[in-house]
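Me: Below is a structure I would like to go through term by term. For each label, tell me what value stands behind it and which cut-off it meets.

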Amino acid sequence: PKISDSEKAFISAGVQAKTGAPPPLPFAELLRAAPFWALVFNHFCSNWILYVLLAWLPSYFRDVQGMSLSSAGLASAAPWLTMFAVANISAWVADGLIKRGTSVSVVRKIMQVSGLLGASGFMLLITLPSSPAGAVALISGALGALGLTWAGFGPNHLEIAPRHADILIGFTNTAGTVPGIIGVAITGWLLDLSGGSYVSVFMLAAGISTAGAIVWLLFSSSEPIFD
């Protein structure tokens, strides 16, 4: 006998209840959801500064600030330590805000937008003449601000699709690795074009971070797209 759609749904639900397997991901619904695309874009934007500085920071300290290669290597560690510290503190702050009654969506917007705009501001300040110590401080500020985003876009995968976060992170992390390819290459091209000046490099990074903040503010949400 032919099985009706309702009977198929009932059987599927029973199998899921026994196996614990999530239902299939409704890709069409996901691709129509603005919060999903805001998340994809923000993973890209949040990683632009990350990869550019990861690849070019020692060269910047050597070529622009006149540091020796060994000094540049040591100076490059400070910004990453700052990012590590702020990323952990931001998680504690975000959890505290949620426990005090702030909506999860608002908390994610605060952390992500503050992180990206803060990083953007520091990147613009780095374009101004500064001493080596000042440059280290400003870049530490940029990466420290970027650490806030780990309490912004990071947990959002679990919030908008609780049972499909693993698939979502696959989508967004693909976008997040693109800056490691094109961002590093574009940086080299801009440096060649400008005779070694990092001004256009830092301004581009600031612009991308600002764009991410605007998109996140307008379109992000922590409400589940589907169960």
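Reply: A salt bridge here requires a side-chain nitrogen of Lys or Arg within 4 Å of a carboxyl oxygen of Asp or Glu. The model is predicted, and by this rule it has two salt bridges.

Me: What makes D63 and R62 a salt bridge?

Reply: The closest N and O atoms of D63 and R62 are 2.8 Å apart. The limit is 4 Å, so the pair qualifies.

Me: Why is D63 called partly exposed?

Reply: D63 has a relative accessible area of 48%. Buried means under 20% and exposed over 50%, so a value in between is partly exposed. R62, at 37% relative accessibility, is partly exposed for the same reason.

Me: How do you know that R108 and E159 form a salt bridge, and where in the chain are the two residues?

Reply: The closest N and O atoms of R108 and E159 are 2.8 Å apart, which is within 4 Å and therefore meets the rule. R108 is in helix α5 (residues 104-126) and E159 in helix α7 (residues 156-160). They are 51 residues apart, and the pair links distant parts of the chain.

Me: Are R108 and E159 buried or exposed?

Reply: R108 is buried, and E159 is buried too. The label means that each has under 20% relative accessible area.

Me: Why are α8 and α9 called oblique to each other?

Reply: The axes of helix α8 (residues 165-193) and helix α9 (residues 199-219) cross at roughly 140° and come within 8 Å. Roughly antiparallel would need an angle over 145 degrees, and roughly perpendicular covers 65 to 115. The crossing angle meets neither condition, so α8 and α9 are oblique.

Me: Which residues make this contact?

Reply: From α8 they are I186, T187, L190 and L191, and from α9 they are S200, V201 and L204. By type, five are nonpolar, two are polar and none is charged.

Me: What makes a set of residues a nonpolar core, and how many residues does the largest one have?

Reply: The members must be buried nonpolar residues of the listed types, joined through side-chain atoms within 4.5 Å. The largest such core has 51 residues. Those with the most contacts inside it are I49, L53, Y60, F61, M123, L146 and F202. Helices α3 (34-63), α4 (69-99), α5, α6, α8 and α9 each supply at least two residues of this core, and α3 gives the most, with 14 residues.

Me: What does M123 touch?

Reply: Leaving out residues up to four places away in sequence, M123 touches I49, L53, A142, F202, A205 and A206.

Me: Why does F171 count as partly exposed?

Reply: F171, which is found in helix α8, has 34% relative accessibility. That lies between 20% and 50%, so F171 is partly exposed. F171 touches F27, L30 and F36, not counting residues up to four places away in sequence. F171 and L39 are 132 residues apart in sequence and 9.7 Å apart in space, C-alpha to C-alpha.

Me: What makes P132 partly exposed?

Reply: P132 has 32% relative accessibility, so it falls in the range between buried and exposed. P132 lies in helix α6 (residues 132-147). P132 touches Q65 and M67, not counting residues up to four places away in sequence.

Me: How many helices and strands does the chain have?

Reply: The chain has nine helices and zero strands. Buried residues make up 42% of its 227 residues.

Methods: Residues numbered from 1 in each chain as written. Predicted model: local features only at pLDDT ≥ 70, side-chain atom pairs only at ≥ 80, totals over all residues. Heavy atoms only, no water. Buried < 20%, exposed > 50% of the residue type's maximum accessible area, 1.4 Å probe, protein only. Helix = DSSP H or I, 4+ residues; strand = E, 2+ residues; numbered from the N terminus. Axes fitted to C-alpha atoms, helices over the stretch in contact; angles between N-to-C directions. Parallel < 35°, antiparallel > 145°, perpendicular 65-115°, else oblique. Contact = heavy atoms within 4.5 Å. Nonpolar A, V, L, I, M, F, W, Y, C, P; charged D, E, K, R; others polar.
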